[in-house]
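Visitor: Hey, I've got a protein to look at for class. Can you walk me through it?
Guide: Sure, let's pull it up.

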Amino acid sequence: MRFLENLKNLKAYKTETTPCKIKLSSNESPFDLSEQLKEKIANKIKEIPFQRYPDPTAKQLKEILADFIKEEEGISLKPENFVLGNGSDEIINLLITIIDKNVAYPIPTFPMYQVSSDVARKNKIEFELDENFDLVKEQIDKALEKNPDIFFFASPNNPTGNSFNKDLINYVIDKGIFTVIDEAYIHFSDKESFLKKAIEKENVAVLRTLSKIGLASIRVGYLIAKEEIATQIDKARLPFNITYPSQEIAKIVLTEGRKEIKNQIKIVKAEREKVIKEVEKIKDIKVYPSDANFFLIRVKDADYLHKELIKKGILTRNMSHLPKMEGCIRVSIGKPEENEAFIVALKEIFD
Ligand SMILES: *Cc1c(COP(=O)(O)O)cnc(C)c1O
């Protein structure tokens, strides 16, 4: 059974699961929804006809997403510009399933591009970033020589936190290769999005998610592309992939809870600047700049620091065993008091 051999060689997606009081390991929003909003959601859930399938097109949710984007970025979208996924992970998986053969992405980056490529037995074209984790033209050129069918650029990138050089992403787009800009963290960035490009050009799509802005639990991600492209990709999606409860909850949160969510994003951005400034004062820690709701640090002994933080009830993500990530730990932005506790813990450990 050849498929079993393939599975035996797979590296499954791993997350930190050690229970800790303060969880700064998964780039979630540190804020839960308000009680009032939860009350509204609870009432809505009671009205769901649970024996029924959800709307397979999730049209209302797409209209609300379009309105959310219109308010944020001034760009008008139609439901036909969207492909929804059970998390953007599912869309990554879908894209990799439908493309011909070769999947290109820089490393280090979000692990799902690699995981989905291995599962679907597609060829990986991995290329390196520079010492500041930015794109390098020579590396991209080498990748281009290998006939990529799709490029993935997570920008801001995970786990590094930085946005990529826009000109080099455009360089790939101008080669006509299908280019996906994964903007999971765009809400925390002041850099320009590729959304406009995505609705202009046939070979560009933007990926986004509700997971990093307070709704990781309901698994809603989305792709935005030109109508002609999105409607084709949407045919390959599984019919009822966004559950009835997820559609209803997302609709409520993006309308009645919109102010709340936007305010939380603002707090996270402000906290990021505060925490980074404090960590930078500790001389044995290198802090990388971040456009996301987390940041990356580099220390001499990441395993030691990671363990010591757990002892103090703080869970971070140890990245030090990945290529090019020696000594690196990724830290999500928490609530103000959690960030405070993190800083205090760091100071104690480094004293
Ligand atoms: C978290 C993350 C995702 C996946 O988000 P889901 O919508 O929760 O599946 C996609 N891309 C990047 C870069 C991420 O960090």
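Visitor: Okay, which domains does the assignment give?
Guide: Before that, keep in mind that this is a predicted model. The domain assignment gives domain 1, made of 2–33 + 258–350, and domain 2, covering 48–253.

Visitor: How far apart are the C-alpha centres of domain 1 and domain 2?
Guide: Those centres are 23 Å apart.

Visitor: And how many residues are in contact between domain 1 and domain 2?
Guide: On the domain 1 side there are 31 residues, and they are in contact with 39 residues of domain 2.

Visitor: What area is buried between domain 1 and domain 2?
Guide: About 3000 Å², with carbon and sulfur atoms giving 58% of that. Three residues stand out on the domain 1 side: Tyr13, Arg258 and Asp291 supply 24% of the area that domain 1 buries against domain 2, more than any other three residues.

Visitor: Why do people quote an area for this sort of thing?
Guide: The size of an interface is often given as the accessible area lost when the parts come together.

Visitor: Got it. How many salt bridges cross the interface of domain 1 and domain 2?
Guide: The rule finds seven across that interface. Asp291 turns up again here, in a salt bridge with Lys191. The closest N and O atoms of Lys191 and Asp291 are 2.9 Å apart. There are also 14 residue pairs in polar contact between the two domains, counting pairs where both residues have pLDDT 80 or more.

Visitor: Which helices and strands supply at least two residues of the side of domain 1 that touches domain 2?
Guide: Those are helix H1 (2–8), helix H11 (258–280) and strand E10 (294–298). H11 gives the most to that side, with seven residues. By class, the domain 1 side has 15 nonpolar, five polar and eleven charged residues.

Visitor: New topic: the ligand. Which residues around the ligand come nearest?
Guide: Of the 13 residues around the ligand, the nearest are Asp182, Thr209, Ser211, Lys212 and Arg219.

Visitor: What is an oxygen atom of the ligand 2.6 Å from?
Guide: An N or O atom in the side chain of Tyr185. For Lys212, a ligand oxygen is 3.0 Å from an N or O atom in the side chain. With Asp89, the partner is a polar backbone atom, 2.9 Å from an oxygen of the ligand.

Visitor: Back to salt bridges. What's the whole count?
Guide: It comes to 29 salt bridges by the rule used here. One of them joins Glu5 and Lys8, at 3.6 Å from N to O. Glu5 and Lys8 both sit in helix H1, three residues apart, which is about one turn of the helix.

Visitor: Why would side chains pair like that?
Guide: Side chains of opposite charge can pair when their charged atoms come close.

Visitor: Okay, last thing: oddities in the backbone. Is the peptide bond from Ile107 to Pro108 cis or trans?
Guide: That bond is cis, with omega near 0 degrees. Pro108 lies in the loop between strand E3 (102–107) and helix H5 (112–119). Ser155 and Pro156 are joined by a cis peptide bond too, with omega about 0 degrees. You'll find Pro156 in the loop between strand E5 (150–154) and helix H7 (166–173).

Visitor: And is the phi of Phe133 positive or negative?
Guide: Phe133 has a positive phi, about 65 degrees, although it is not a glycine. Phe133 lies in the loop between strand E4 (123–128) and helix H6 (137–144).

Visitor: Why do you call those oddities?
Guide: Because most residues other than glycine have a negative phi, and most peptide bonds are trans.

Methods:
Residues numbered from 1 in each chain as written. Predicted model: local features only at pLDDT ≥ 70, side-chain atom pairs only at ≥ 80, totals over all residues. Heavy atoms only, no water. Domains from an automatic or database assignment. Contact = heavy atoms within 4.5 Å. Buried area = accessible area lost by both parts, 1.4 Å probe. Salt bridge = Lys/Arg side-chain N within 4 Å of Asp/Glu carboxyl O. Polar contact = N/O pair within 3.5 Å; in protein donor to acceptor, adjacent residues only side chain to side chain. Helix = DSSP H or I, 4+ residues; strand = E, 2+ residues; numbered from the N terminus. Nonpolar A, V, L, I, M, F, W, Y, C, P; charged D, E, K, R; others polar. Near = heavy atom within 4 Å.
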